[in-house]
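Colleague: I'm new to this one and would like a close look at a single part of it. Could you pick a side-chain contact, start right there, and work outwards until I can see how the rest is arranged around it?

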Amino acid sequence: MFLGKVIGSVWSTVKWPEVEGIKLLTVQPYNLSDLTAPEGERLPASSDLVVVADTLDAGVGDEVVVAYGHAARVALQETLGSSELTAHPVDAAVVAIVDHLEVDNG
């Protein structure tokens, strides 16, 4: 899992049927230096960008916890009510929206 900030949404009219109805977001992961900055100045400096399935209705500007792999598909299964985990080609999903984050700078 990793922490990051939602910086955008993804729209696609042509996609696999198994992805139909899944809201996709772009999340920029945080580096440790981003997390030790004062809360109001916390901006992702990473050049990485991850497309994730949104299971919790997160939005642009939200700080989120993202799970990868099997854990992401389990979260998606709960959202979609599907009984077939492997049917959804998803490798990352939002599993928490962060209310507060505290990092020990020591």
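Modeller: Start with Glu63 and Tyr30: their side chains make a polar contact of 2.6 Å. Bear in mind that this is a predicted model, so what follows is read from predicted positions. Glu63 sits in strand β4. Is Glu63 buried or exposed? Its relative accessible area is 18%, and since buried means under 20%, Glu63 counts as buried.

Now follow the strand that holds Glu63. Strand β4 covers residues 63-68 and runs antiparallel to strand β5, residues 92-97, with five bridges joining the two. You can check one of those pairings by eye: Tyr68 has Ala92 in β5 as its bridge partner.

Ala92 is a good place to pause. Setting aside neighbours within four places in sequence, Ala92 is in contact with Val50, Val51, Val52 and Ala53, with Val66, Ala67 and Tyr68, and with Ala72. Ala92 also belongs to the largest nonpolar core, which has eleven residues. Its other members are Phe2, Val6, Leu25, Val27, Val50, Val52, Ala58, Val64, Val66 and Val94. Two or more residues of this core come from each of β1 (2-10), β2, β3, β4 and β5. Apart from this core there is another, of eight residues, including Ala53, Leu76, Val90 and Ala93. As a general point, nonpolar side chains in soluble globular proteins tend to be buried together.

From β5, step across to β3. These two strands run parallel and are joined by two bridges, and Asp54 stands opposite Val94 in β5. Strand β3 takes in residues 50-54 and is mostly covered, with four of its five residues buried. It also pairs with strand β2, residues 24-29, this time in the antiparallel sense and over four bridges. Here Leu25 is found opposite Val52 in β3.

Put those pairings together and you get the bigger picture. Five strands form a closed barrel in the order β1-β2-β3-β5-β4, and the pairing is mixed. From one strand to the next, the twist averages 55 degrees.

For a contrast with Glu63, look at Asp57. You'll find Asp57 in the loop between β3 and β4. Its relative accessibility is 61%, so Asp57 counts as exposed. Not counting residues up to four places away in sequence, Asp57 touches Lys23 and Ile97. With Lys23 there is a polar contact of 3.2 Å between the side chains. Leu25 turns up again here: the C-alpha atoms of Asp57 and Leu25 are 9.8 Å apart, with their places 32 residues apart along the chain.

Finally, zoom out to the whole chain. Two helices and five strands make up its secondary structure, and along the sequence they follow the pattern β-β-α-β-β-α-β. Of the 106 residues, 40% are buried. Take the contacts between residues at least 6 apart in sequence, and 64% of them join residues at least 24 apart. The accessible surface comes to about 6,400 Å², and 53% of that belongs to carbon and sulfur atoms. So if you want one place to come back to, make it Glu63, buried in β4 and in polar contact with Tyr30.

Definitions and conventions: Residues are numbered from 1 along each chain as its sequence is written. This is a predicted model: local features need pLDDT of at least 70, side-chain atom pairs count only at pLDDT 80 or more; totals for chains, interfaces and linings use all residues. Side-chain values use heavy atoms; hydrogens and water are left out. Buried means under 20% relative accessible area, exposed over 50%, partly exposed in between (1.4 Å probe, protein chains only). Contact means heavy atoms within 4.5 Å. Accessible areas come from the Shrake-Rupley method with a 1.4 Å probe; for residues, only the protein chains shown count as cover. Two strands pair if DSSP finds at least two bridges between them. Axes are lines fitted to C-alpha atoms, for helices over the stretch in contact, and angles run from 0 to 180 degrees between N-to-C directions. A polar contact is a pair of N or O atoms within 3.5 Å; within protein, one must be able to donate a hydrogen and the other to accept it, and residues adjacent in sequence count only if both atoms are side-chain atoms. A nonpolar core is a set of buried Ala, Val, Leu, Ile, Met, Phe, Trp, Tyr and Cys residues joined through side-chain atoms within 4.5 Å.
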